[in-house]
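Student: I'd like a close look at one residue and its surroundings, and then how that spot fits into the whole chain. Could you walk me through it?

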Amino acid sequence: MGKLALTSSELGSLWAEYINGTATDIMNKYMFSIIEDKEIKEIFHTAIETFAHQKKEIGNFFVKEGFPVPIGFNEADLFLGKQRLFSDAFCLNYLHIMTIHGILGHNTALCISVRKDLRSFYDSSSAAGNKMYHDTIELLLNKGLFQRDPQYYAYEHPSYITSKNFTDGFFGKGRMLAATEIISLSLNLKKSIMAKTLSIAFSQIAESKEVRKFLADSEKTADGHLRALAKILQADNLPVPKSLETEVTASTDSPFSDKLILYHMGFLFQAAQNYHGAGLASAMRTDLVATYEKTILQNLIVTKNWFDLMVENKWLEQPPLAPNRKEIAKKK
């Protein structure tokens, strides 16, 4: 059997890995330049070196298949030497959250990859992501910066659901949150905290008035998500992850291009839909279902506004498209 050509799905996953990876890489390089803590700085150094190797491999896949290497983001989107925007603690939390996104992306790409060289690439990328996850967790724990999910007390024996009121979240007494529902609640809260904090930070430094307005709107949306999800936890006397807003300085000196700022926020809101969808699928209480449905709808509005603004500024790179057979026929 000859060498298999890349499928559209494989090509799409590589394209997304390159665009998202280069955007995060610029953020990591800025953070590396301002971090003072030696241990945190070292872990960022590893992250930057790891992606440099992955970026080269992805570029080779495109070149060997005869496709142009995507533009993505580069040093033109980074302005070093600016005033510090984030604390070291925020930088480490950022790397941890983005590592979770990376692991999900690698695993999804692996599941649609057929070619052996591509599967090997995603295997090694996943292994690197898993190691980074372990390293960020350990460092966050050692520095007292990681807030674990709520703990439950042990019970005597397993049991079955005996009442149809198990789904009741609006009427009557209802029931306490299930551990399976906490999974998505916790992840969505942490990601909304990150989205809100970055919206605040970016709104201080963005040059464009339109971009600043979008960021103000996205901050309001993320805050609404936080309040809705936190209310559900607090009703059951369960703790809510602490916010990160105070880890942003008062700097208005931008180290990033508006293109990078806007793209990054769009990525976070689009990626959040995966987690909101998982939360909706696992929810067995009516109030949770309603909250996730409302959150998903609000995110769709944000991403539509994001898309329009990106296109208006000619900042949104076009992914590979299926061949237009009618246009090809006209050229005959």
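**One tyrosine and its chain**

Tutor: Let's set the scene with the fold: this is a predicted model, and its protein chain has 9 helices and 0 strands. Read from the N terminus, the elements simply go α-α-α-α-α-α-α-α-α.

Now zoom in on Y122, which sits in helix α4, spanning residues 116–142. Is Y122 buried or exposed? Its relative accessible area is 0%, and the cut-off for buried is under 20%, so Y122 counts as buried. As for what surrounds Y122, leave out residues up to four places away in sequence and you find that it touches S13, L14, E17, H106, A109, L110 and S113. One of these neighbours, S13, also makes a polar contact with Y122, side chain to side chain, at 3.0 Å. For a sense of scale, take D308: it is 186 residues from Y122 along the chain, and their C-alpha atoms are 32 Å apart.

Zooming back out, 46% of the 332 residues in the protein chain count as buried, too. Among contacts with a separation of 6 or more, 85% are between residues 24 or more positions apart. The radius of gyration is 22 Å, which agrees with the value near 20 Å for a compact globule of 332 residues. Along the principal axes, the C-alpha atoms fill a box of roughly 70 × 50 × 40 Å. The accessible surface is about 18,100 Å², with 57% of that belonging to carbon and sulfur atoms. On charges, you get 38 positive and 37 negative side chains, with the centres of the two sets 5 Å apart.

Note on methods:
Residues numbered from 1 in each chain as written. Predicted model: local features only at pLDDT ≥ 70, side-chain atom pairs only at ≥ 80, totals over all residues. Heavy atoms only, no water. Helix = DSSP H or I, 4+ residues; strand = E, 2+ residues; numbered from the N terminus. Buried < 20%, exposed > 50% of the residue type's maximum accessible area, 1.4 Å probe, protein only. Contact = heavy atoms within 4.5 Å. Polar contact = N/O pair within 3.5 Å; in protein donor to acceptor, adjacent residues only side chain to side chain. Rg over C-alpha atoms; globule rule 2.2 N^0.38 Å. Areas by Shrake-Rupley, 256 points an atom, 1.4 Å probe, with all protein chains shown as cover. Lys, Arg positive; Asp, Glu negative; His and termini not counted. Charge placed at Lys NZ, Arg CZ, Asp CG, Glu CD.
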